[in-house]
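Let's walk through this one together, starting with how far the coordinates can be trusted and ending at the ligand. Have the viewer open as you read.

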Amino acid sequence: MAVRRGFRRGPPSFHTDRLREAPPGHFYDVITNGFGAMNDYAAQIKPRDRWAIVAYIRALQFSQNASIQDLPPQDRQELEKLPR
Ligand code: HEM
């Protein structure tokens, strides 16, 4: 969509090793200062909300890249009962 609206390229997926391994401050910095073709959102998004967005990105990343080891033992047992 960004490209259709004239950006020279679109945003990368959050689910790449590079962005999974990036520290929280990277996302905060991209929102604050922009990045490449992306404008900054410093005027529109307060610092506290920027950190909240960063936390949400981390949750999205985790939602697609969690291992069964990350679950508490009880949830793990429940999951292991399910047919595969
Ligand atoms: C708070 C909202 C947003 C967040 C957290 C966010 C976050 C990011 C991140 C993490 C990257 C990748 C930086 C990297 O490669 O290391 C990115 C790239 C990009 N974003 Fe955003 N973005 C936001 C809003 C937007 C919006 C609204 C647009 C378009 C209208 C946009 C357009 C782009 C584009 C075009 C790139 C690619 C830039 C390049 O590689 O030159 N972003 N964004």
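Among the elements of the chain, helix α2 (residues 24-33) has the highest mean pLDDT, 98, while helix α4 (residues 73-81) has the lowest, 92. Keep in mind that this is a predicted model. Over the chain, the mean pLDDT is 95, and 100% of the residues reach 70 or more.

Now turn to how α2 packs. Two packed helices are described by the angle between their axes and the distance between those axes. For α2 and helix α3 (residues 47-63), the axes come within 9 Å and cross at roughly 130°. Angles over 145 degrees would count as roughly antiparallel, and 65 to 115 as roughly perpendicular, so the crossing angle makes α2 oblique to α3. The crossing is right-handed.

Which residues meet there? From α2 come P24, F27, Y28, I31 and T32, and across from them in α3 are R50, W51, I53, V54, I57 and R58. Sorted by class, this contact has eight nonpolar, one polar and two charged residues.

Finally, follow α2 to the ligand: this helix gives the most to the surrounding shell, with three residues. In total, 15 residues surround the ligand, and the closest are F7, P11, G36, A37 and M38. The shell divides into twelve nonpolar residues, two polar and one charged.

Notes
Residues numbered from 1 in each chain as written. Predicted model: local features only at pLDDT ≥ 70, side-chain atom pairs only at ≥ 80, totals over all residues. Near = placed C-beta within 6 Å. Helix = DSSP H or I, 4+ residues; strand = E, 2+ residues; numbered from the N terminus. Nonpolar A, V, L, I, M, F, W, Y, C, P; charged D, E, K, R; others polar. Axes fitted to C-alpha atoms, helices over the stretch in contact; angles between N-to-C directions. Parallel < 35°, antiparallel > 145°, perpendicular 65-115°, else oblique. Left-handed = near helix turned anticlockwise from the far one by under 90°. Contact = placed C-beta atoms within 7 Å. pLDDT = per-residue confidence, 0-100.
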